[in-house]
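Me: I have this model open at the bench and would like a close look at one part of it, the charged pairs. Please set them in their surroundings and explain each term as you go.

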Amino acid sequence: MPDDWFSHLINDQWTVAACLDSHAKREAICGDTAPSPSEARTERTRIIQDVLSPAFQKAVDVIRAQSNDFTDDQDGVRHTDRQRFIAMRPRLHQRVIDQHRALREPFGDEGVQSQADAVEWADEVAYAASGHLSRDFTATVCNPMSQWWTALANEQTAVLDSMLSQDVLPAWNSALRTASSNAEELPSGRVASSTGGNLS
């Protein structure tokens, strides 16, 4: 994904509203100018076509260029249990899960209630960034004088959205880009090669 896309999206309220399925939620963001159901579908299709699909195809191209598929010469594609370990899928998939979990935490029912919660959350965010955030990210988030702490402690979701889209999401994007460009992960130790022996 383009690193600046997240910030552009979060600052375009009409497009954010178009990404929501509920018309009531779209109206809560945009009022009378909220996109209609058909406008919302059209905008989501445009985002998929112009932004998400090209990014997905580029990621697949990068991954495929550096990976090997296991196929059966006799009967076409078989042994899909082997293929699921190809092209960094486990590591990339787990990284995305980590990112989604960290992204949801401050917006959940409990949110961030204490400085200890903030430290734990910031560490999760940094872990999901795989070294693409500054080393002082956790210290910055947990500093009572910082904008991060103010947004977390006072549940200022709009401010938090903006900071996440400007600082964290591009770092996560870079982490995924780096992982996909280094797509040389071997299968799990439980997967044996077709000639016997272990591949990892």
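What follows is a walk from the overall picture to the charged pairs, and then on to some other parts.

Reply: Happy to help! This is a predicted model, in which local features need pLDDT of at least 70 and side-chain atom pairs count only at pLDDT 80 or more, while totals for chains, interfaces and linings use all residues. Residues are numbered from 1 along each chain as its sequence is written, and side-chain values use heavy atoms, with hydrogens and water left out.

Let's begin with confidence. The protein has a mean pLDDT of 77 (the predictor's confidence in each residue, from 0 to 100), and 74% of its residues reach 70 or more. Residues 69-77 stay under 50, and the model gives them 14 contacts beyond four places in sequence (a contact means heavy atoms within 4.5 Å). Residues 185-200 are also below 50, with 27 contacts in the model beyond near neighbours in sequence.

Next comes the overall fold. The protein has ten helices and zero strands, where helices (H or I, at least four residues) and strands (E, at least two) are DSSP runs numbered from the N terminus. Of its 200 residues, 33% are buried; buried means under 20% relative accessible area, exposed over 50%, and partly exposed in between (1.4 Å probe, protein chains only). Taking contacts between residues at least 6 apart in sequence, 52% join residues at least 24 apart.

Now for the part you asked about. The structure contains six salt bridges, each being a side-chain nitrogen of Lys or Arg within 4 Å of a carboxyl oxygen of Asp or Glu. One of them joins Asp50 to Arg46, with 3.8 Å from N to O. Both residues belong to helix 4 (residues 37-65), where four residues, about one turn of the helix, separate them. That spacing fits a general rule: an α-helix has 3.6 residues a turn, so residues three or four places apart point the same way. Asp50 is partly exposed at 42% relative accessibility, and Arg46 is partly exposed at 35%. The pair also belongs to a network of salt bridges that links Glu43, Arg46 and Asp50.

Helix 6 (residues 89-104) offers another cluster, with Asp98 and Arg95 three residues apart, about one turn of the helix. Their side chains form a salt bridge at 3.3 Å, N to O. Asp98 also has a salt bridge with Arg101, whose closest N and O atoms are 2.9 Å apart. Asp98 and Arg101 are again three residues apart in helix 6, or about one helical turn. What is the accessibility of Asp98, buried or exposed? Asp98 counts as buried, at 8%. Arg95 is buried too, at 16%, whereas Arg101 is partly exposed at 42%.

You may wonder about cysteines as well. A disulfide is a covalent bond between the sulfur atoms of two cysteines. The structure has zero of them, counting a pair of cysteine sulfur atoms within 2.5 Å as a disulfide. Cys19 is partly exposed at 35%, and Cys30 is buried at 16%.

Trp5 leads back to helix 4. This residue is found in helix 1 (residues 5-10). Leaving aside residues up to four places away in sequence, Trp5 touches Ile47 and Val51. Trp5 also lies 8.6 Å from Pro170, C-alpha to C-alpha, although 165 residues separate the two in sequence.

Let's finish with helix 7 (residues 115-128). Its 14 residues reach 20 Å from the first C-alpha to the last, close to the 20 Å expected at 1.5 Å a residue (the expected span is 1.5 Å times one less than the number of residues). Its buried residues are Ala118, Trp121, Ala122, Val125 and Ala128. They lie on the same side of helix 7 because they cover an arc of only 125° around the axis (the arc is that of the directions from the helix axis to the C-beta atoms). Ala116 and Tyr127 are exposed on the face turned away from that buried side. Just after helix 7, Ser130 has a positive phi of about 50°.
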